[in-house]
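Good morning, and thank you for joining. I will take a few minutes to walk through one model, moving from individual residues to helix packing.

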Amino acid sequence: MEAIGVIGIGAMGKGMVCNLLQKGYHVYAYDPSPAAKAWAKEKGAIVVESPQAVGSVARVVFTSLPGPAIVEEVMLGTDGLFLSLGSGSFVFDTSTIDPATAKRLNQYGVEKGIYYYDCPVSGGPVGSAAGTLTIMVGGDEAKLPEIMDYLRAIGKEIFYLGESGSAQVAKLCHNSVVAVITAALGEAFSVGAKAGVDPHKLAAVMDKGSAHNRVLSVFGPNILYGTYENTVFSLDHMHKDLQLYAQTAREQQVPVLVGGTVAQMYEAAKAQGKGSWDSSAVCTVTEELAHTTIAR
């Protein structure tokens with residue numbers, strides 16, 4: 001059985017660990033959290049004490065980390081993964097980071113003979129647990145046939161976007177659209193509620209009309225029932241992704257007129273201490289300004 005490393009055993013990493021174990025791989029796991037280590041050991045993974053230790057036993061490694069700075073530290077730090085990985089190894093970074101960092105890590109990998117792929121995912125903890133994640137892939141196209149089985153171990157829909165950094169661009173664009181739709185739903189439901197239309201009935205109309213969207217099915221229950229503390233995807237994470245999206249847009253000299261306004265709404269919700277809540281809690285900003293409540 002082949003050894004595979006997983007670095008980052010959070011909400012997403014847990015599902016990856018379980019699916020890789022179910023597929024028959026020996027999983028070597030690392031996370032700084034003692035609770036995460038204990039969980040991984042209980043599930044059957046072999047827990048090690050640093051990213052470098054992961055690289056010393058596995059030639060294929062998945063990472064799932066909070067942001068660019070941590071990803072870079074895990075890869076290139078004093079106990080970094082790249083210090084021990086051998087030539088011909090594969091790194092699948094499922095974190096959402098900026099394209100520039102992904103390109104920089106890829107170049108470092110090229111110099112050491114390591115194949116680094118930016119592989120941000122969509123589907124949340126539920127998709128991770130089920131092994132049905134949508135995976136965006138950026139990196140060396142020539143190795144795609146060799147890596148597909150590893151990616152299929154954690155995901156279902158796999159899209160190759162192009163050279164290194166391309167997948168991160170796609171993920172940031174994707175999440176910006178999700179954020180905009182979420183905020184738009186909160187605004188529309190607030191208007192409907194104040195006008196005396198049951199938001200649940202309004203949602204039913206949207207579900208069958210041209211306004212149909214998956215955001216409504218994923219985040220709609222939290223908006224309609226006011227259960228914003230039931231976190232599907234945290235507001236902190238969406239806020240981070242919107243900042244990275246805006247940074248990428250500036251680099252490409254594209255005005256962020258819609259996304260920029262919505263980003264300010266997420267900024268306001270985060271400032272109110274709602275960062276650990278679901279990202280749909282951005283709707284509370286409109287609710288409070290309108291002196292209304294969507295939940296009925």
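**Serine 95, lysine 171 and the helices around them**

I begin with a polar contact: a polar atom in the side chain of serine 95 lies 2.9 Å from the backbone nitrogen of leucine 65. Please bear in mind throughout that this is a predicted model.

Where does serine 95 lie? Serine 95 is found in the loop that connects β5, residues 90–93, to α5, residues 99–112. Its relative accessible area is 2%, which is under the 20% limit, and serine 95 therefore counts as buried. Apart from neighbours within four places in sequence, serine 95 is in contact with Thr63, Ser64, Leu65, Val71, Pro120 and Gln168.

The second residue is lysine 171. The UniProt annotation "active site", from an unreviewed entry, covers Lys171. That annotation may be inferred rather than shown by experiment.

In the model, lysine 171 sits in helix α8, which spans residues 166–194. Is lysine 171 buried or exposed? With a relative accessible area of 5%, lysine 171 is buried. Its side chain reaches the backbone oxygen of valine 121 at 2.8 Å. Setting aside residues up to four places away in sequence, lysine 171 touches Thr96, Pro120, Val121 and Met136. Pro120 thus appears in the contact list of serine 95 and also in that of lysine 171.

I now turn to the packing of α8. Its axis and that of helix α11, residues 235–251, come within 9 Å and cross at roughly 120 degrees. This angle makes α8 oblique to α11. The crossing of α8 and α11 is left-handed. On the α8 side, the residues that meet α11 are Leu172, Cys173, Asn175, Ser176, Val178 and Ala179. Their counterparts in α11 are Met238, Asp241, Leu242, Leu244, Tyr245 and Thr248.

What of α8 and helix α10, residues 214–225? Here the axes come within 11 Å and cross at roughly 45 degrees. The two helices, α8 and α10, are therefore oblique to each other, and their crossing is right-handed. Val178, Ile181, Thr182, Leu185 and Phe189 in α8 meet Val215, Leu216, Phe219, Ile223 and Leu224 in α10. Val178 is listed in the contacts of α8 with α11 and in those with α10.

For the wider setting, the unreviewed UniProt entry places the feature "domain: 3-hydroxyisobutyrate dehydrogenase-like NAD-binding" at residues 165–284. Over residues 165–284, the chain is 71% helix and 0% strand. The end C-alpha atoms of this stretch are 34 Å apart.

Helix α7, residues 144–152, has strands as its partners: its buried residues are Leu144, Ile147, Met148, Tyr150 and Leu151. These residues pack against β1, β4, β5, β6, β8 and β9.

I close with two backbone details. Glutamine 253, in the loop between α11 and α12, has a phi near 60 degrees, a positive value in a residue other than glycine. Histidine 291, in the segment after α13, has a positive phi near 55 degrees and is likewise not a glycine. Glutamine 253 is exposed, with a relative accessible area of 74%, and histidine 291 is exposed as well, at 73%.

How values were computed: Residues numbered from 1 in each chain as written. Predicted model: local features only at pLDDT ≥ 70, side-chain atom pairs only at ≥ 80, totals over all residues. Heavy atoms only, no water. Helix = DSSP H or I, 4+ residues; strand = E, 2+ residues; numbered from the N terminus. Buried < 20%, exposed > 50% of the residue type's maximum accessible area, 1.4 Å probe, protein only. Polar contact = N/O pair within 3.5 Å; in protein donor to acceptor, adjacent residues only side chain to side chain. Contact = heavy atoms within 4.5 Å. Axes fitted to C-alpha atoms, helices over the stretch in contact; angles between N-to-C directions. Parallel < 35°, antiparallel > 145°, perpendicular 65-115°, else oblique. Left-handed = near helix turned anticlockwise from the far one by under 90°.
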